[in-house]
Amino acid sequence: MSQPDPEPSDGFSIVPRSSAGLISQTSTDPDPCDGLILASDLASALGVDFRLRRESTRGRLQRVSRGLYYPSARWNQLREDQRYLIRVRGAALIRRGQAVLCHHSAAVLWGLPMLVGWPGEVHLLTERASGGRSDPGIRRHALGVDARDVTTIDGLLVTTIERTVVDLAATLDLKSAVALVDRALYRDRFGRTPTLTTKVALLATLERMLPFRGSRRARAIIQFGTHLSGSPAESASRVNIALSGFPEPELQHPFIVDGKECETDFYWRDIDGVGECDGRDKYFNPKYLAGRSPEQVQYDEKLREDGIRRQVHGFTRWPASVGMSQYPLRRRLLEFGLQPGPQRALRGLERTQP
């Protein structure tokens, strides 16, 4: 367990809570939840939590929510998803295991992506009779708790991956919903990323939940989902390609370059053209660098691209920011030579359900 940082100046050592094995963390990443400090832990031991409030006023502790603190120096270094993970775990610990985390709060525990950012509220699933009244920082969904839809992650009650995906597919914006479904279905041939569920399991859960608001939308998005999309930016690109009416590309089409098989994000057989969507992670995330420098990765990628270009009629590449936006990507693909037709799928699903 990591050591508390910082330690209060009066010599009182606040021992933060730890957690282990959250699905959203890789085996090499330190668990951000190791720094959690609950006021209730101090209150039960000493009857007061004034030391936490004092350290928060001094800027040494970050007050995350009521009764939940975190070392400021570490908080400032966390990503948005890690900060939300801390809020979620803290809220569940404060409620002593009685809460079923759902929607966004379940998604962060399952390691699912969120294109539009993480909310400030923690989402809890409750029985229908309990109503949907929520406390500050807590949003309750009085949708009923089916035991088949509940599991545990690191000791926390959470909706299953299938229920989590169906709930969010019915309510998120279109690109975020597709990215989330694609991640749940993704099958990594290198074994670095676990497969979480199947399309059959998602549709079976949806059928069992009927009727519910957004079910038609959720079904269409799940049907559109694929296990071949390698990143949220690729998923967003797929949505925008479909909405613009471009021909459906082949995903992860294989090529042989210098005796090694490599796959491309998008391939259009009719024009013999390859499209690639790149994010920063490919060049800067240690997980994907595999011990190489960013410069070496860029050089290797150039060799790979040159090898593919020799085998196809056309090649285009766009950054994640273009893939996320329909009309910039449309212009890029028109210049590439693709001809749009009617929308292939997802007609009428562009807007989030109320």
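**Figure 1. Contacts and secondary structure across the protein chain of the predicted model.** Among contacts between residues at least 6 apart in sequence, 58% join residues at least 24 apart. The protein chain comprises 15 helices and 12 strands. Of its 354 residues, 47% are buried. The structure contains 18 salt bridges, several of which appear in the later views.

**Figure 2. Helix α5 and the backbone at its two ends.** Helix α5 covers residues 103–110. The helix is mostly covered, with 8 of its 8 residues buried. These are H103, H104, S105, A106, A107, V108, L109 and W110. H103 adopts a positive phi of about 50° although it is not a glycine. Most residues other than glycine have a negative phi. The relative accessible area of H103 is 6%, and the residue is therefore classed as buried. Just after α5, G111 also has a positive phi, of about 80°.

**Figure 3. The second largest pocket and its lining.** The space in this pocket amounts to about 630 Å³. Its lining consists of 26 residues, of which H103, L143, D167, F212 and R213 are the closest to the centre. Two or more lining residues come from each of α5, β6 (138–142), α6 (161–169) and α8. The largest share, 3 residues, is given by α6. H103 thus connects this view with the preceding one, as a residue of α5 and as one of those closest to the pocket centre.

**Figure 4. R183, a buried arginine without a salt bridge.** R183 belongs to helix α7, which spans residues 174–185. Which side chain of opposite charge is nearest to R183? It is that of D188, 8.4 Å away. A salt bridge requires the nitrogen and the carboxyl oxygen to be within 4 Å, so a pair at the separation of R183 and D188 does not qualify. The side chain of R183 instead reaches the backbone oxygen of P194, at 3.1 Å. Leaving aside neighbours within four places in sequence, R183 is in contact with G111, L112, P113, T193, P194 and L196. P194 is accordingly found both as the backbone partner of the R183 side chain and in this list of contacts. G111, also in the list, is the residue with a positive phi just after α5.

**Figure 5. The cis peptide bond from L210 to P211.** The omega of this bond is near -5°. Most peptide bonds are trans. P211 is situated in the loop between α8 (199–209) and α9 (215–224).

**Figure 6. D258 in the loop between β9 and β10.** The flanking strands are β9 (250–257) and β10 (260–268). D258 is not a glycine, yet its phi is positive, at about 55°. Is D258 buried or exposed? Its relative accessibility is 65%, which means that D258 counts as exposed. H103, by contrast, also has a positive phi but is buried.

**Figure 7. The salt bridge between R89 and D154.** The closest N and O atoms of the two residues are 3.3 Å apart. The pair joins distant parts of the chain, 65 residues apart: R89 lies in helix α4 (residues 80–94), and D154 in the loop between β7 (150–153) and β8 (156–159). R89 is buried, with a relative accessible area of 6%, whereas D154 is partly exposed, at 27% relative accessibility.

**Figure 8. The salt bridge between R269 and E250.** Here the closest N and O atoms are 2.8 Å apart. R269 occupies the loop between β10 and β11 (273–278), and E250 is in strand β9; the two are 19 residues apart. E250 is partly exposed, with a relative accessible area of 28%.

**Figure 9. The salt bridge between D278 and R317, and the network that includes both residues.** The closest N and O atoms of D278 and R317 are 2.5 Å apart. This pair also links distant parts of the chain, with D278 in strand β11 and R317 in strand β12 (residues 314–319), 39 residues apart. D278 is buried at 9% relative accessibility, and R317 is partly exposed, with a relative accessible area of 22%. What residues are linked with D278 and R317 in a network of salt bridges? They are E276, E301, R304, E305 and R309.

Methods: Residues numbered from 1 in each chain as written. Predicted model: local features only at pLDDT ≥ 70, side-chain atom pairs only at ≥ 80, totals over all residues. Heavy atoms only, no water. Helix = DSSP H or I, 4+ residues; strand = E, 2+ residues; numbered from the N terminus. Buried < 20%, exposed > 50% of the residue type's maximum accessible area, 1.4 Å probe, protein only. Lys, Arg positive; Asp, Glu negative; His and termini not counted. Polar contact = N/O pair within 3.5 Å; in protein donor to acceptor, adjacent residues only side chain to side chain. Contact = heavy atoms within 4.5 Å. 1 Å grid on protein atoms, 1.4 Å probe; cavity = no way out; pocket = protein on both sides within 12 Å on 5 of 7 lines; lining within 4 Å. Points joined across faces, edges and corners; volume = space filled by probe spheres on them.
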